[in-house]
Amino acid sequence: MGRRDQDDQSPAPGRRSFTYRIVTLLAMTVVVGLVLAACGADSKPYSHITPRSSTTRDIQSLYKLVFWLALIVFVGVQMFIVYTALRFRQRGNEVDRPAQIHGNKRLEIAWTLIPAAVLLVILIPTIQTMYEFSADAQEGEYVVDVYGKQWWWEVQYPGLAPNNGTLITANEVRVPAGRKVKLQLSSNNVIHSFWAPQLFGKMDVIPGHINEIGFTPEKPGVYYGECTEFCGVAHALMRFTIIVEPQEEFDAWVAAYNNERPATDAKPETGDVADAPAAFGACLACHAVNNTNAVVAQAGMASNPYSQGAGPNLTLFGCRDFIGAGVLANNKENLRTWLRNPGGVKEGNYMALLIKEGTLNDAQIEELSDYLLSLKPAAGCPEDAREQQDAQDKQGEG
Ligand code: CUA
């Protein structure tokens with residue numbers, strides 16, 4: 001813009017142009033609109049203002065309390081500012097300044113005591129809730145051990161495998177609806193953080209220490225979570241789902257996990273490795289599939305939470321929604337992509353140290369992805385909780 005234009009068009013000093021005001025108003029409207037749209041995000045899976053458990057309902061109550069108090073304070077302060085600006089504004093050509101005051105004991109006491117009272121009103125229920133949480137975490141009808149790995153989650157259910165053994169799975173935490181669940185979190189590598197915003201607050205996952213979360217999920221459905229502590233190169237791709245399902249379905253899943261032979265063409269009756277595709281031999285070093293020949297990795301690796309070498313247990317893999325810790329939907333096409341070059345999908349993952357582009361040929365990739373998708377009970381997967389949730393949501397909307 002040339003000097004001349006500026007001279008011609010600049011408004012008088014101290015006054016904004018009409019266009020400037022309109023643009024500001026529009027920008028503010030857009031910002032407010034976006035905020036409101038975000039608030040209405042009831043179906044957003046990572047929204048912490050749509051609680052779906054006892055725990056997050058308590059957090060929500062605190063949140064509402066803080067919200068309303070903050071709103072009262074905000075409106076009060078704004079009104080006071082507007083009042084002051086109008087009451088003490090310059091009138092006409094007045095040149096005298098109002099009396100200049102420094103210090104006012106009554107005012108200072110008031111604006112110390114009022115915020116202190118507001119903070120106290122927040123503090124007391126907050127401390128109460130925190131104590132309730134830690135009391136909650138002490139009990140639990142279902143104990144689930146969750147281990148943070150780089151970069152996925154190992155999930156263990158002590159006592160749910162045959163002979164009081166431990167059922168081991170990965171990246172999906174299945175729990176029955178309406179039952180108290182106690183999560184015991186730990187790590188054998190670096191610090192992670194476990195957070196499913198609709199079900200519970202964030203909790204650190206620390207090496208050599210167990211942190212506990214207690215919660216009672218209310219509604220069947222699939223709830224999303226992810227690692228929320230920077231833990232290395234694939235931190236952003238360390239997701240998980242919490243699948244809340246009716247008790248019968250949870251029991252069916254446990255039974256399927258423990259007892260049913262996968263509907264593969266393997267020969268489980270012989271426990272013979274020969275029926276997993278030959279290419280699966282490369283996978284066996286890190287991955288186990290219960291009730292098949294592919295269990296050699298199980299004994300010393302996946303069953304030991306402190307071993308770093310083991311990859312996710314792949315039992316009932318065909319029933320999982322995602323691969324690579326929530327990175328891709330579990331389907332044939334994505335499995336091909338993953339097996340062709342896991343490092344291309346999820347940079348830095350340990351599988352990519354062994355499997356690079358070209359390590360597996362097309363025939364092997366085809367064979368392996370078919371095999372993995374076939375790892376499900378002969379009678380089909382226990383009913384998918386997500387379908388149920390979708391149906392419920394639709395009913396609710398209609
Ligand atoms: Cu694990 Cu970030």
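Cys-319 is buried, with 8% relative accessible area. In this predicted model, Cys-319 has a bonding partner: Cys-381, and the two sulfur atoms sit 2.1 Å apart in a disulfide. The structure holds one disulfide. Its S-S torsion comes out at about -90°, so the bond between Cys-319 and Cys-381 is left-handed.

What does this link tie together? Cys-319 belongs to the loop between helix 6 (296-302) and strand 11 (322-323), while Cys-381 belongs to the loop between helix 10 (362-373) and helix 11 (385-397), so the bond connects parts 62 residues apart in sequence. Cys-381 is partly exposed at 32% relative accessible area.

Now for some cysteines beyond that pair. Cys-283 takes part in no disulfide, and the nearest cysteine sulfur, on Cys-286, is 8.9 Å away. Cys-283 counts as buried because its relative accessible area of 18% falls under the 20% cut-off. Cys-227 is buried too, at 3%. Here are four cysteines side by side:

| Cysteine | Relative accessible area | Status |
|---|---|---|
| Cys-227 | 3% | buried |
| Cys-283 | 18% | buried |
| Cys-319 | 8% | buried |
| Cys-381 | 32% | partly exposed |

On to the nonpolar side of things. In soluble globular proteins, nonpolar side chains tend to be buried together. Here the largest nonpolar core has 36 residues, and the members touching the most others are Val-144, Val-173, Leu-183, Phe-194, Phe-200 and Ile-242. Several strands supply at least two residues each, including strand 1 (142-148), strand 5 (181-187) and strand 8 (211-215), and helix 5 (247-258) does as well. Which element gives the largest share of this core? That would be helix 5, with five residues. Apart from this core there's another one, of 22 residues, with Phe-280, Ile-323, Leu-335 and Ile-365 among them.

Phe-200 is a good place to zoom in. Leaving out residues up to four places away in sequence, Phe-200 touches Thr-55, Thr-56, Leu-183, Phe-194, Trp-195, Ile-213, Phe-215 and Ile-242.

Two of those contacts, Leu-183 and Ile-213, also stand opposite each other, with Ile-213 in strand 8. Strand 5 and strand 8 pair in the antiparallel sense, over five bridges. How does strand 5 run relative to strand 1, parallel or antiparallel? Those two are parallel, joined by seven bridges, and Asp-145 stands opposite Gln-184 of strand 5. Strand 5 is mostly covered, too: six of its seven residues are buried.

Methods
Residues are numbered from 1 along each chain as its sequence is written. This is a predicted model: local features need pLDDT of at least 70, side-chain atom pairs count only at pLDDT 80 or more; totals for chains, interfaces and linings use all residues. Side-chain values use heavy atoms; hydrogens and water are left out. A disulfide is a pair of cysteine sulfur atoms within 2.5 Å. Helices (H or I, at least four residues) and strands (E, at least two) are DSSP runs, numbered from the N terminus. Buried means under 20% relative accessible area, exposed over 50%, partly exposed in between (1.4 Å probe, protein chains only). A nonpolar core is a set of buried Ala, Val, Leu, Ile, Met, Phe, Trp, Tyr and Cys residues joined through side-chain atoms within 4.5 Å. Contact means heavy atoms within 4.5 Å. Two strands pair if DSSP finds at least two bridges between them.
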